[in-house]
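User: I would like to learn how to read a model like the one we are about to open. Could you take me through its features step by step?
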Protein chains: 2
Amino acid sequence: MAQGLDEFELISRYFAPLARDTPGALGLTDDAAVVRPDDGYELVISADALVSGVHFSGPGFATPTDPADIARRALRSNLSDLAAMGATPLGYTLTLQMPDDTDEAWLAAFADGLMRDQQEFGIGLLGGDTTRTPGPLTLSINVFGQVSENKAIIRSGAQLSDDVYVSGTIGDSVLGLALENGDFPGVNDADRRELLARYRCPQPRLGVGQRLVSRAHAAADVSDGLVADLGHICQASQIAADIKLSAVPVSSAALRVVTDNQPLKLSLLTGGEDFELVFTAPESARAFVQEVARDTVVPITRIGRMVAHRDAGPKVAVLDDAGNRLEVGDGGYRHFRESQPR
Amino acid sequence: MAQGLDEFELISRYFAPLARDTPGALGLTDDAAVVRPDDGYELVISADALVSGVHFSGPGFATPTDPADIARRALRSNLSDLAAMGATPLGYTLTLQMPDDTDEAWLAAFADGLMRDQQEFGIGLLGGDTTRTPGPLTLSINVFGQVSENKAIIRSGAQLSDDVYVSGTIGDSVLGLALENGDFPGVNDADRRELLARYRCPQPRLGVGQRLVSRAHAAADVSDGLVADLGHICQASQIAADIKLSAVPVSSAALRVVTDNQPLKLSLLTGGEDFELVFTAPESARAFVQEVARDTVVPITRIGRMVAHRDAGPKVAVLDDAGNRLEVGDGGYRHFRESQPR
């Protein structure tokens, strides 16, 4: 527990204000919270945990992560899961395990980050639990949303000949993480700011996901990496995907970093935490998808199609412009670093 | 992460089986889970976290807590919150943060404890997240239930002259904890077994809570201690409560431990974690409450009434048979230990 504060003071000072306008939170004074989806809607739930020293640098680290960024990344990665299913967010619960030396300044900044995102996404705190821990600061968030009954976009609906699309740009986040870790010292200030912002404060594509309900056949959010997450769609749908490397949208800032280094560009596809949406839709939906991009002001790019799976199984193939299959690594940040020029 | 297992192996081996029969869990392969309350019902959510070294002794401790008991206590304390609102449980999410040296035997026993309770309470795993931690094993559970719209029993509904009731017996759990810590070495084997079982494997009073919907005015589960939790009802309802010490139900096993030591008996009322229900209902409901006790085979005892609050504010007064107010401590296990004879 934070220095000098008991659990009740802590809740009333930092967490009750986050629940003040949440219907069903009952002021955090009851045994549980109540949530009612609208008539004809069902509830969608996404759960995630973040640990200091694993996912961020908490209090006590030499260069601690901004507590507001921790709050935002925790909320937004879950909101991104809701976006992938086409859901509209309603609220969240939070359990927070704090070392005894957590100070009030940290808590105040963390709660402020939550409050700002609550306002941005129209959600509120529903309930939770705070406890002390002899270990690192740890938080666990469940975010709740709603979607029309039986309309959630799931991973297993992809069909043969579907187009494959991705929102936004891919690879900025892993480059931002690399910059945070001191890689690419030559990057100019504007690009650095842009890539770091993409890593620190991802944008869940809720508007895009909501519009895709009933039109997309399958969707996932890009958290493990484009190839891995499209691979999850392949696995769940028992069908393969071919995507073209040159079609994958990359920001100008990222392009200036990877230049014409093909292994490095390929590794952007496995870097993870883009929190963009990858989805499949029939060819008949092409005009509709462009309309969604226009209305939501989020670029949506067609990068490939779903194909029958050959001997390789229901997997993703990344192709060059001549149609040759390119070797992609296992994904993740470690692989990304190994792809960098020495 | 557990030794030698990656996250996907871990999920498919230990957690996917827990979600196999859960509608809406989508085999744990999707971005989020889907839950639909029945028509006319709303969802109730309770969240709790447990930390090794604070709430139990995890892997690595000299006398580790049985992993199945950890699983059960985590689920049941949340189910007890649902019981207090009159809800019927549907499912739960779990986030688990594991030290690198967590072994598979621990995980297997933990998952087995979850599975047994899933079967007992008719619930299933909906989703979650597993990550590694450099700190102690930590778990966070959200349990979901449903209750008829606007019928959840909340803490703020108590009225003047309501009777105050409590289910089961009070104080067994804190005595079980004391026995676990080596106190009261003279207790006989049968009593020891009974009290330890009450501490290790609490019984959420779901059947009682569900029957009380529309009849009880206010309810809470006894987690912080009878006096504290009835105090929460007082605070939320802005009304006071008088309860009679001699009316508070205590098990024969507990009576043999506390004998005629009044401070020790009083401290049972502040010990916590009984996971019984304390509730208020109008005098007109007396016959109905006895019918509930008979039907659910759970004793329910009338222990006092709600009264106008005097200078002391909306608080609980514990009275002796002559109507004199008794001094009760702050509650919690530390206070309990201080009440023991040296």
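Analyst: We will go through the two chains, the domains, a pair of helices and the sheets in turn, keeping in mind that this is a predicted model.

User: Let us begin with the two chains, then: what rotation superposes chain A on chain B?

Analyst: To read a pair of copies, one looks for the turn that lays one upon the other. Here a rotation of 180 degrees, with 0.0 Å of shift along its axis, superposes chain A on chain B with an RMSD of 0.0 Å. The two copies are therefore related as by a two-fold rotation axis. Both copies use the same surface, since 100% of the contact residues of chain A recur in chain B.

User: Which residue of chain A comes closest to the rotation axis?

Analyst: That residue is A:Gly135, whose C-alpha lies 2.2 Å from the axis.

User: How is chain A divided into domains?

Analyst: When reading domains, one asks first where the bounds fall and then what lies on the sides that touch. Chain A is divided into domain 1, covering 7–148, and domain 2, covering 155–339, and the centres of these two domains, taken over C-alpha atoms, are separated by 28 Å. In the contact between them, 17 residues of domain 1 of chain A meet 17 residues of domain 2 of chain A.

User: Which element gives the most to the side of domain 1 of chain A that touches domain 2 of chain A?

Analyst: Helix 2, strand 3 (88–98) and strand 5 (138–148) of chain A each supply at least two residues of that side, and helix 2 of chain A gives the most, with twelve residues. By class, this side of domain 1 of chain A has seven nonpolar, five polar and five charged residues.

User: Helix 2 of chain A also crosses helix 3 of chain A, so at what angle do their axes cross?

Analyst: For a helix pair, one reads the distance between the axes, the angle and the handedness. The axes of helix 2 (residues 67–85) and helix 3 (residues 104–121) of chain A come within 7 Å and cross at roughly 40 degrees, and the crossing is right-handed. Among the residues that meet there are A:Ile70, A:Leu75 and A:Leu79 in helix 2 of chain A, and A:Trp106, A:Phe110 and A:Leu114 in helix 3 of chain A. The residues of this contact divide into eleven nonpolar, one polar and four charged.

User: Now the sheets: what is the order of the strands in the open sheet that has 4(A) at one end?

Analyst: A sheet is read by following its strands from one edge to the other and noting the chain of each. This open sheet of five strands has the order 4(A)-3(A)-5(A)-2(A)-1(B), with mixed pairing. Strand 4 (124–132) of chain A and strand 1 (33–35) of chain B stand at the edges, each with a single partner strand, so one side of each is left without a neighbour in the sheet. Neighbouring strands of this sheet are turned by 20 degrees against each other on average, direction ignored.

User: How many bridges join strand 2 of chain A to strand 5 of chain A?

Analyst: Eleven bridges join strand 2 (residues 41–51) of chain A to strand 5 of chain A, and these strands run antiparallel. One pair to look for is A:Ser46, whose bridge partner in strand 5 of chain A is A:Val143.

User: Which strands make up the other open sheet?

Analyst: Its five strands follow the order 1(A)-2(B)-5(B)-3(B)-4(B), again with mixed pairing. Within chain B, strand 2 (residues 41–51) and strand 5 (residues 138–148) run antiparallel and are joined by eleven bridges, and B:Val51 has B:Thr138 as its bridge partner in strand 5 of chain B.

Definitions and conventions:
Residues are numbered from 1 along each chain as its sequence is written. Chains are lettered from A and ligands numbered from 1 in the order in which they are written. This is a predicted model: local features need pLDDT of at least 70, side-chain atom pairs count only at pLDDT 80 or more; totals for chains, interfaces and linings use all residues. Axes are lines fitted to C-alpha atoms, for helices over the stretch in contact, and angles run from 0 to 180 degrees between N-to-C directions. A crossing is left-handed if the near helix is turned anticlockwise from the far one by less than a right angle, and right-handed if clockwise. Two residues are in contact if their C-beta atoms, placed from the backbone, lie within 7 Å. Ala, Val, Leu, Ile, Met, Phe, Trp, Tyr, Cys and Pro count as nonpolar, Asp, Glu, Lys and Arg as charged, and the others, Gly among them, as polar. Copies are superposed by least squares on the C-alpha atoms of residues with pLDDT of at least 70 in both. Domain bounds come from an automatic or database domain assignment. Two strands pair if DSSP finds at least two bridges between them.
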